[in-house]
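Here are my notes on the structure you asked me to look through, written as numbered points. Please keep the model open beside you as you read.

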Amino acid sequence: MVPGKGNRSCVVVRKMMRPWCYLLFSSSLLMGLYRVSGSRYDSRTAVVQDNIGIMDTPGDKRRDLESSGVRDFRILTSEEIKERLEGLAEEFPNLVTLENAQDAFGLPAAGSSKKQDCPFDASVVDGCANWFITILDRVAHAPSSDSRAHLPDVLLSGALHGNERVGPTAVTETATLLLKAAHCEALRIVDTSKDECQKELREEYGVEDVDRKWLARLVTTRRIVVIPSANALGYFRNQREEDFGVDPNRDFPFDVTNPKQCMRTIAGRTLNELYRQIRQPR
């Protein structure tokens with residue numbers, strides 16, 4: 001099979017095994033990176049208990065966490081994640097592009113309105129759309145510019161397994177923090193008297209000036225693709241697999257030659273297309 005838009009191809013998967021200039025963050029790694037403390041997840045029962053974080057921590061340790069700037073977070077629903085991505089695209093139009101895999105890559109959607117899957121996506125697809133944003137400083141890196149062509153790529157992906165609940169919130173909050181820092185740094189350069197955003201970052205996120213500058217630098221020197229719920233249907237249903245019991249994390253067999261034996265999930269095919277997009281000249 002010749003790789004093409006929306007195709008399944010084990011050939012493409014084998015090519016993906018080469019080194020790439022992107023980072024794939026798991027939910028557990030992002031928990032440590034971003035210090036998400038607002039939910040407790042019981043993997044044995046797939047039960048998410050929201051709003052349990054710092055206040056559920058014993059006294060001395062809780063005070064240490066509070067003083068270090070760690071916040072409580074609540075696990076976001078599928079609809080809330082979509083709304084957050086839409087909000088980021090609206091608030092930071094020069095930095096964020098919002099897309100879904102169905103429109104961008106011609107992929108079908110997993111799930112069905114008959115099963116009441118993702119009703120908030122009904123105007124776009126029948127089922128669950130796979131939403132993602134691209135963070136790119138289009139002012140600093142104009143289309144067809146040499147700098148854009150050589151930007152390193154970062155991929156933040158959550159919920160390849162739909163019942164692993166922390167990842168989508170972690171990557172959404174990470175994207176939000178990066179964008180707030182970049183926007184704030186840009187305002188500071190234009191007008192040093194505008195310090196409201198610096199105060200917000202300091203009080204709400206524990207981000208001091210030196211940290212804000214580094215976070216802003218990450219945004220202006222990278223192309224960052226964020227797909228909070230790679231397995232959109234599984235996350236909506238709070239189940240590990242996608243439809244038909246197929247595990248997306250077992251859908252990348254690099255040694256399979258029969259194209260019918262891989263890329264069976266929309267989650268797998270979406271990530272495959274994103275990887276290929278990263279490799280294309282910009």
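1. Is Arg276 buried or exposed, in terms of its relative accessibility? This is a predicted model, which should be kept in mind throughout, and in it Arg276 has a relative accessibility of 17%, so the residue counts as buried, the limit being under 20%. Its partner in a salt bridge is Glu273, and the closest N and O atoms of the two are 3.0 Å apart. Glu273 is buried as well, at 5% relative accessibility. Both residues belong to helix α11, which covers residues 266-279, and because they are three residues apart there, about one helical turn separates them.

2. The pair just described is one case of a wider pattern, for which a general remark may help. Side chains of opposite charge can pair when their charged atoms come close. Across the whole structure, a search finds 14 salt bridges. One of them joins Asp243 to Arg237, with an N to O distance of 3.1 Å. In this pair, Asp243 is buried at 16% relative accessibility, whereas Arg237 is partly exposed, with a value of 25%.

3. Another salt bridge links Arg202 with Asp209, whose closest N and O atoms lie 3.5 Å apart. Here Arg202 is partly exposed at 33% relative accessibility, and Asp209 is likewise partly exposed, with a relative accessible area of 33%.

4. Helix α9, which runs over residues 209-220, deserves a careful look. Its twelve residues reach 17 Å from the first C-alpha to the last, a span close to the 16 Å expected at 1.5 Å a residue. Which residues of α9 are buried? They are Arg212, Leu215, Ala216 and Val219. When the helix is viewed down its axis, these buried residues fall within an arc of 100 degrees, and therefore they line one face of α9. Val210 and Trp214, by contrast, are exposed on the other side of the helix.

5. The loop between β7 and α10 holds two residues that can be read together. β7 covers 223-227 and α10 covers 232-237, and Ala230 has its place in the loop between them. Ala230 counts as buried because its relative accessibility is 0%. Leaving aside residues up to four places away in sequence, Ala230 touches Asn130, Ser157, Gly158, Ala159, Leu160, Ala267 and Leu271. Its C-alpha atom is separated by 8.4 Å from that of Ile266, although the two residues are 36 residues apart along the chain.

6. Ser229 lies in the loop between β7 and α10 too, and at 10% relative accessibility it counts as buried. With residues up to four places away in sequence again not counted, Ser229 touches Ile81, Asn130, Gly158, Ala159, Pro168 and Tyr235.

7. Which residues touch the most other members of the largest nonpolar core? In this core of 37 residues, they are Val96, Ile133, Ile135 and Val226. At least two residues of the core come from each of α4 (78-91), β5 (131-135), β6 (153-157), α7 (166-190), α8 (196-205), α9 and β7. The largest share is that of α7, which supplies ten residues.

8. Val226 shows how one member of that core is surrounded. Not counting residues up to four places away in sequence, Val226 touches Trp131, Phe132, Ile133, Ile135, Leu156, Val171 and Ala175. Apart from the largest core lies another, made of 13 residues, including Ala101, Val225, Ala267 and Leu274.

9. Some totals place these details in the whole. The protein chain has eleven helices and seven strands, and buried residues account for 48% of its 282 residues. If one takes the contacts between residues at least 6 apart in sequence, 72% of them join residues at least 24 apart. The accessible surface of the chain comes to about 14300 Å², and 51% of this belongs to carbon and sulfur atoms.

Conventions:
Residues are numbered from 1 along each chain as its sequence is written. This is a predicted model: local features need pLDDT of at least 70, side-chain atom pairs count only at pLDDT 80 or more; totals for chains, interfaces and linings use all residues. Side-chain values use heavy atoms; hydrogens and water are left out. Helices (H or I, at least four residues) and strands (E, at least two) are DSSP runs, numbered from the N terminus. The expected span of a helix is 1.5 Å times one less than its number of residues. Buried means under 20% relative accessible area, exposed over 50%, partly exposed in between (1.4 Å probe, protein chains only). The arc is that of the directions from the helix axis to the C-beta atoms. A salt bridge is a side-chain nitrogen of Lys or Arg within 4 Å of a carboxyl oxygen of Asp or Glu. Contact means heavy atoms within 4.5 Å. Accessible areas come from the Shrake-Rupley method with a 1.4 Å probe; for residues, only the protein chains shown count as cover. A nonpolar core is a set of buried Ala, Val, Leu, Ile, Met, Phe, Trp, Tyr and Cys residues joined through side-chain atoms within 4.5 Å.
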